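Trainee: I would like to go through this model with you. I will ask how each label is earned.
Mentor: Good. Start when you are ready.

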2 protein chains.
Amino acid sequence: MAERKSAERKSSDERRDEIVRATLRLVAAKGFAGVTLREVATEVGVVHGLIRHYFTSRDELVAAAFDFAVTSELASDRALLDGLDPVAALAGWLAATPEDHYRVWIDAWSEAPRTPPLAAALDRHHRDCERILTSVIERVVDAGLGASADPAADSRLLTAVADGVAVQHHAVGVIDVDEANAIVFAVAERQLALEPGSLARANPVPARGQWAEGAAR
Amino acid sequence: MAERKSAERKSSDERRDEIVRATLRLVAAKGFAGVTLREVATEVGVVHGLIRHYFTSRDELVAAAFDFAVTSELASDRALLDGLDPVAALAGWLAATPEDHYRVWIDAWSEAPRTPPLAAALDRHHRDCERILTSVIERVVDAGLGASADPAADSRLLTAVADGVAVQHHAVGVIDVDEANAIVFAVAERQLALEPGSLARANPVPARGQWAEGAAR
DNA sequence: TCTCTTGTTATCCAACTGGACAACAACGCT
DNA sequence: AGCGTTGTTGTCCAGTTGGATAACAAGAGA
């Protein structure tokens, strides 16, 4: 009569994906250092021993979570940007990112110096971001809508501004989303010789991908 | 014959200070979430029970450590800046900060959303930093060496750039200290209508206060 | 149907955590 | 000298952690 209550049996890939997403949700809520295997297991609805069936160590799990976060984020961003005209794409890329996304980035900055695999992933994805922005800048220049003597350098500069503003907005909380966008747009317009106000006008509705459906407690 | 080996008996203030500094060193090395009372005690050379004699909880300890870090850092910065001419002060403030210092800031950004007292301290100190930079900008303007329509807004902007560049330098590691300074200086010179290169020339030797003598393991 | 693989559970473990407490020792005060 | 205060130690505790492992269960392929 003591019926064994098992979680639904799933394929390896499905379960693995489920675990990674749950980990990511918890990382966004509690930071890389704050997630425990037991919490992840509870979130998924399985026993904590099962996690080890998919990831040989905790570090491997959180590294996979960060990798998944950025990979899926950048994939959906690329798809979104491709469908926009150059200036709108620039505005869309520079506009403030959802809270959850940036929390993960900020946590990664904090943990990377202590976690080599995370540092490697961070380095790689940061360069990806700079490259994407560089190509967007090149599209703007090629369309004759702006100027840039060194798109890669301008990309690096604007990435720094966007990150710094995101810190003020998401972590410190001294500015709201409109102020954040205003600052980044102003710097970008001046740096790339765009018409003042053009980025704010072109800014598309923020519809970036969500990996964090359902709030982690 | 079993001689009791005690740590040197110290005054309350002395010991408290010693504990806070040790905590800060460990926070810089392992993050706010990574420090344990036992490690702090070992670092100081006492038993972990003694920590509780000075701080009623772990949270109170790390909050005190962050507060001490920023308070002493800003105090020594203020003293340094006051002795410099306006442009040199601006360059000194914007120039890259020692690794340990920024590690603590980045960790605070990461932890603040989860730790209310840390969030309060972060908000306060962030505003302090913006205020200091604002007054430096005003000194530059008053001396007729540069222009700023809104010193507070420019301070906010340059703070964002400095933070974003610091992330790229200290956390991600994609740029070195010279590149970091070059980016921040270039933005500041353009934003404040300074002569290009003037900040690099005026940049004083980095001699900011050190609270982290002796490396934490 | 039998077997082999693999997703899953239930425990166990050694290590470590923050906190509590009683005993001790050094010092200041009277 | 006696005494109270307090800096300091050693030890205990209940809880949590990441990891290991054996048993179980649900399929797949022969």
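Trainee: Of the atoms of DNA strand C within 4 Å of the protein, what percentage belongs to sugar or phosphate?
Mentor: The share is 63%, and the rest belong to bases. Keep in mind that this is a predicted model.

Trainee: Which residues come nearest to DNA strand C?
Mentor: There are 24 residues around the strand, and A:Glu8, A:Arg15, B:Arg38, B:His48 and B:Arg52 come nearest. Both chains are in that list.

Trainee: What makes the pair between B:Arg38 and DNA strand C a polar contact?
Mentor: The cut-off is 3.5 Å between N or O atoms. A polar side-chain atom of B:Arg38 lies 2.6 Å from a base nitrogen of DNA strand C, so the pair qualifies. B:His48 also reaches a base: a polar side-chain atom is 2.7 Å from a base oxygen of the strand. A:Tyr54 meets the backbone of the strand instead, with a polar side-chain atom 3.2 Å from a phosphate oxygen.

Trainee: Which elements give two or more residues to the surface near DNA strand C?
Mentor: They are α1 and α3 of chain A, with α2 (37-44) and α3 of chain B. α3(A) gives the most, with 4 residues. By class, this surface has 7 nonpolar, 7 polar and 10 charged residues.

Trainee: Now the other strand. Which residues come nearest to DNA strand D?
Mentor: Of the 24 residues around DNA strand D, the nearest are A:Arg38, A:His48, A:Arg52, B:Glu8 and B:Arg15. Sugar and phosphate make up 66% of the strand's atoms that come within 4 Å of the protein.

Trainee: How do you know that B:His53 has a polar contact with a phosphate oxygen of DNA strand D?
Mentor: Set the distance against the 3.5 Å limit. An N or O atom in the side chain of B:His53 is 2.8 Å from a phosphate oxygen of DNA strand D, so the contact counts. Backbone atoms contribute too. A polar backbone atom of A:Leu37 is 3.0 Å from a phosphate oxygen of the strand. For a backbone N or O atom of A:Arg58, the distance to a phosphate oxygen is 3.1 Å.

Trainee: Which element gives the most to the surface near DNA strand D?
Mentor: That is α3(B), with 4 residues.

Trainee: How do you know that the two copies are related as by a two-fold axis?
Mentor: Look at the superposition. Chain B goes onto chain A by a rotation of 180° with 0.0 Å of shift along the axis, at an RMSD of 0.2 Å. The copies are therefore related as by a two-fold rotation axis. In chain B, B:Gly164 comes closest to that axis, its C-alpha lying 2.0 Å away.

Trainee: Why do you say that the copies meet through the same surface?
Mentor: Because 97% of the interface residues of chain B are also interface residues in chain A.

Trainee: Let us turn to single residues. Why is A:Ser12 called partly exposed?
Mentor: Buried means under 20%, exposed over 50%. A:Ser12 has 45% relative accessibility, so it counts as partly exposed. A:Ser12 sits in helix α1 (residues 12-30) of chain A. Its C-alpha atom is 8.3 Å from that of A:Tyr54, 42 residues apart along the chain.

Trainee: What makes α5(A) largely enclosed by the rest of the structure?
Mentor: Count its residues: 9 of the 9 are buried, so the label follows. Among them are A:Pro86, A:Trp93 and A:Leu94. The buried residues pack against α4 (58-82), α7 (116-142), α8, α9 and α10 of chain A.

Trainee: How do you know that the length of α9(A) agrees with a helix at 1.5 Å a residue?
Mentor: Its 15 residues should span 21 Å, and the end C-alpha atoms are 21 Å apart, so the two agree.

Trainee: What covers the buried residues of α9(A)?
Mentor: The cover includes α5 (86-94), α8 (151-172) and α10 (198-202) of chain A, together with α8 (151-172) and α9 (177-191) of chain B. The buried residues include A:Ile183, A:Phe185 and A:Val187.

Trainee: What caps the N-terminal end of α9(A)?
Mentor: A:Asp176 does, with a side-chain oxygen 3.1 Å from the backbone nitrogen of A:Asp178. Just after the helix, A:Ala193 takes a positive phi of about 55°.

Trainee: How many helices and strands are there in chain A?
Mentor: Chain A has 10 helices and 0 strands. Of its 217 residues, 52% are buried.

Methods: Residues are numbered from 1 along each chain as its sequence is written. Chains are lettered from A and ligands numbered from 1 in the order in which they are written. This is a predicted model: local features need pLDDT of at least 70, side-chain atom pairs count only at pLDDT 80 or more; totals for chains, interfaces and linings use all residues. Side-chain values use heavy atoms; hydrogens and water are left out. The expected span of a helix is 1.5 Å times one less than its number of residues. Buried means under 20% relative accessible area, exposed over 50%, partly exposed in between (1.4 Å probe, protein chains only). Contact means heavy atoms within 4.5 Å. A polar contact is a pair of N or O atoms within 3.5 Å; within protein, one must be able to donate a hydrogen and the other to accept it, and residues adjacent in sequence count only if both atoms are side-chain atoms. A residue is near a molecule or strand if one of its heavy atoms lies within 4 Å of it. Copies are superposed by least squares on the C-alpha atoms of residues with pLDDT of at least 70 in both. Ala, Val, Leu, Ile, Met, Phe, Trp, Tyr, Cys and Pro count as nonpolar, Asp, Glu, Lys and Arg as charged, and the others, Gly among them, as polar.
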